[in-house]
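Me: I am new to this structure and would like a close look at a single part of it. Please take the part where the helices come together, and then go on to the residues around it.

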Amino acid sequence: MIFRVDRLVKELGGASKAAKAAGLPRTAPYRWLRSMSLSLETLLRIKSARPEIVLDDFMEDEHERQDKKPKRRSAKCGP
């Protein structure tokens, strides 16, 4: 399973509001997005601040995600 941090940040209203919900500096969500992960402690803080958020909504099956990724075409070098 994959936790879609990008969807969570969007649902919270963007990086600034996500950081506020987590009680962290406004740059923290950018780190989450870069690594596509965040700590359990951070999730608990967000859930406490925004109890209406359903964390299961941000879970995605790993195979589902791979199917959605665009296929890369290899660049041919030379003649």
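Reply: What follows begins with the chain as a whole, then takes up helix 1 and its surroundings.

The model is a predicted one. Its protein chain has five helices and two strands, and along the sequence these follow the pattern β-α-α-α-α-β-α. Of the 79 residues in the protein chain, 27% are buried. Among the contacts in the protein chain with a separation of 6 or more, 63% are between residues 24 or more positions apart.

The helix packing can be taken pair by pair. Helix 1 covers residues 5-12 and helix 3 covers residues 28-35; their axes lie 9 Å apart, and the two pack at an angle of about 150°. An angle over 145 degrees counts as roughly antiparallel, and that makes helix 1 roughly antiparallel to helix 3. On the helix 1 side, the residues that meet helix 3 are Val-5, Asp-6 and Val-9; on the helix 3 side they are Pro-29, Trp-32 and Leu-33. Sorted by kind, the residues of this contact of helix 1 with helix 3 are five nonpolar, no polar and one charged.

Leu-33 can be looked at alone. This residue is found in helix 3, and its relative accessible area of 29% makes it partly exposed. Leaving aside residues up to four places away in sequence, Leu-33 touches Val-5, Asp-6 and Val-9. The C-alpha atoms of Leu-33 and Arg-7 are separated by 9.8 Å, and the two residues are 26 residues apart along the chain.

Helix 3 also packs with helix 2. The axes of helix 2 and helix 3 come within 8 Å and cross at roughly 105°. Angles from 65 to 115 degrees count as roughly perpendicular, and helix 2 and helix 3 are therefore roughly perpendicular to each other. Helix 2 contributes Ala-15, Ala-18, Ala-19 and Ala-22 to the contact, while helix 3 contributes Pro-29, Tyr-30 and Trp-32. The residues of this contact of helix 2 with helix 3 divide into seven nonpolar, no polar and no charged.

Next comes the nonpolar core. The largest nonpolar core has 15 residues, and those touching the most other members are Phe-3, Val-5, Leu-8, Leu-12, Trp-32, Leu-38 and Ile-46. Two or more residues of this core come from each of helix 1, helix 2 (15-22), helix 3 and helix 4 (40-49). Helix 1 supplies the largest share, four residues. Leu-38 shows how such contacts are arranged: not counting residues up to four places away in sequence, Leu-38 touches Phe-3, Val-5, Leu-8, Trp-32, Leu-43 and Ile-46.

Met-36 is in the loop between helix 3 and helix 4. Met-36 has a phi near 55°, which is a positive value in a residue other than glycine. With 30% relative accessibility, Met-36 counts as partly exposed.

Charged side chains come next, beginning with Glu-60. Glu-60 lies in strand 2 (residues 59-60). Its relative accessibility is 2%, so Glu-60 counts as buried. The side chain of Glu-60 makes a polar contact of 3.2 Å with the side chain of Arg-4. The side chains of Glu-60 and Arg-7 are also joined by a polar contact, at 2.7 Å.

Arg-4 sits in the loop between strand 1 (2-3) and helix 1. Its relative accessible area is 11%, so Arg-4 is buried. Besides its contact with Glu-60, the side chain of Arg-4 is joined to that of Asp-6 by a polar contact of 2.6 Å. Asp-6 also takes part in the meeting of helix 1 with helix 3.

Arg-50 is found in the loop between helix 4 and strand 2. With a relative accessible area of 24%, Arg-50 is partly exposed. Its side chain is joined to the side chain of Glu-52 by a polar contact of 2.5 Å. Not counting residues up to four places away in sequence, Arg-50 touches Glu-11, Leu-12 and Ala-21. Arg-50 and Ala-22 are 28 residues apart along the chain, and their C-alpha atoms are separated by 9.4 Å.

Technical notes:
Residues numbered from 1 in each chain as written. Predicted model: local features only at pLDDT ≥ 70, side-chain atom pairs only at ≥ 80, totals over all residues. Heavy atoms only, no water. Axes fitted to C-alpha atoms, helices over the stretch in contact; angles between N-to-C directions. Parallel < 35°, antiparallel > 145°, perpendicular 65-115°, else oblique. Contact = heavy atoms within 4.5 Å. Nonpolar A, V, L, I, M, F, W, Y, C, P; charged D, E, K, R; others polar. Buried < 20%, exposed > 50% of the residue type's maximum accessible area, 1.4 Å probe, protein only. Polar contact = N/O pair within 3.5 Å; in protein donor to acceptor, adjacent residues only side chain to side chain. Core = buried A, V, L, I, M, F, W, Y, C linked by side-chain atoms within 4.5 Å.
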